[in-house]
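Good morning, and thank you for making time for this item. I would ask you to keep the sequence and the structure in view while I speak.

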Amino acid sequence: AQSVTSKILVTGGLGAGYVTDDSVPDADYVGIRPVYQFAVTYTPSEKTQVRFDSSFEGVQLVPSVGLSASWNPRETTSFGLSIYQNQNFSITTSSQFQVNRGFILSASQRLFSKISVSVSGGWQQTENLALSSNQANGGDYDYAFLSGAIRWNLNDWLYWQTTIWGSTGNR
């Protein structure tokens, strides 16, 4: 980590990995692959922060990328926006990666010293990519989502939280 100025922090790492996979013929992600992590955090005031980050692990086909901003107008109130792209193995299609792209808006309010409520919502597009060039890509889908939570801090290290979540998608 390197503080460029009192308001800008840069972190990063770089390397290489060797990936093998005998279970997928002609896999697109095998061999010597880059591995990196990079982030820049800009804190213009004690109430506002913007962060850009990117990372790539050897088995990935696309990098993970994120841009987030937070604003805390009062000590008990916060708002956030996050735009992202990430990748994971598909839970709905065999031998596929899921590449997720979307955004999340959030708001949080502490009501009492130990009780807070939050709401968040957003939209996500999911693209299914085949692990091998010998296989067709799976279907893509988009959905919106909304969640709300109430949290009770029991002490400094333990809390009870109830969350309700809904989406327009079926996955």
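**Salt bridges, patch and pocket**

I begin with a pair of charged side chains: R51 and D53 meet in a salt bridge, with 3.8 Å from N to O. Please bear in mind that this is a predicted model. How exposed are the two partners? R51 has a relative accessible area of 31% and is therefore partly exposed. D53 also counts as partly exposed, because its relative accessibility is 26%.

As general background, side chains of opposite charge can pair when their charged atoms come close. How many salt bridges does the structure hold? The count is three, and I shall take the other two in turn.

One of them joins R110 to E75, and here the closest N and O atoms are 4.0 Å apart. This pair links distant parts of the chain, since R110 sits in strand β7 while E75 belongs to the loop between β5 (64-74) and β6, 35 residues away. Are the partners buried or exposed? R110 counts as partly exposed, at 33% relative accessibility, whereas E75 is exposed, with a relative accessible area of 74%.

The other bridge is formed by E127 and R101, whose closest N and O atoms are 2.9 Å apart. E127 lies in strand β8 and R101 in strand β7, so this salt bridge ties together parts of the chain that are 26 residues apart in sequence. E127, at 23% relative accessibility, counts as partly exposed. R101 is partly exposed as well, with a relative accessible area of 25%.

Let me turn to the nonpolar surface. Which residues make the nonpolar surface patch of about 820 Å²? They are F38, Y42, V50, F52, L67, L81, I83, F103, L105 and W123. At least two residues of this patch come from each of β3 (31-45), β4 (48-56), β6 and β7. W123, for its part, is in strand β8. The reason W123 counts as partly exposed is its relative accessibility of 34%.

I move on to the largest pocket, in which about 230 Å³ of space lies. The elements giving two or more residues to its lining are β6 (77-89), β7 (96-110), β8 (115-130) and β9 (141-153). The lining consists of 17 residues, and those nearest the centre of the pocket are S108, Q109, R110, S116 and R151. You will recognise R110 as the salt-bridge partner of E75. What is the chemical character of the lining? The residues divide into four nonpolar, nine polar and four charged.

Finally, I would draw your attention to two positions in strand β3. The strand contains G31 and also A39. G31 has a relative accessibility of 16%, and it counts as buried because the limit for that class is under 20%. Its C-alpha atom is separated by 6.5 Å from that of T20, eleven residues apart along the chain. A39 is likewise buried, with a relative accessible area of 1%. Between the C-alpha atoms of A39 and G12 there are 6.3 Å, although these residues are 27 residues apart along the chain.

To close, I return to the charged pairs: the structure holds three salt bridges, among them the one between R51 and D53 with which I began. Thank you for your attention.

Notes. Residues are numbered from 1 along each chain as its sequence is written. This is a predicted model: local features need pLDDT of at least 70, side-chain atom pairs count only at pLDDT 80 or more; totals for chains, interfaces and linings use all residues. Side-chain values use heavy atoms; hydrogens and water are left out. On a 1 Å grid over the protein atoms alone, a cavity is a set of points where a 1.4 Å probe fits but cannot get out, and a pocket is an open set with protein on both sides within 12 Å along at least five of seven lines; lining residues have an atom within 4 Å of a point. Grid points are joined across faces, edges and corners, and a volume is the space filled by probe spheres set on the points. Helices (H or I, at least four residues) and strands (E, at least two) are DSSP runs, numbered from the N terminus. Ala, Val, Leu, Ile, Met, Phe, Trp, Tyr, Cys and Pro count as nonpolar, Asp, Glu, Lys and Arg as charged, and the others, Gly among them, as polar. Patches are made of residues with over 30% relative accessible area and no salt bridge: like charges are joined within 9 Å, nonpolar side chains (Val, Leu, Ile, Met, Phe, Trp, Tyr) within 5 Å. Accessible areas come from the Shrake-Rupley method with a 1.4 Å probe; for residues, only the protein chains shown count as cover. Buried means under 20% relative accessible area, exposed over 50%, partly exposed in between (1.4 Å probe, protein chains only).
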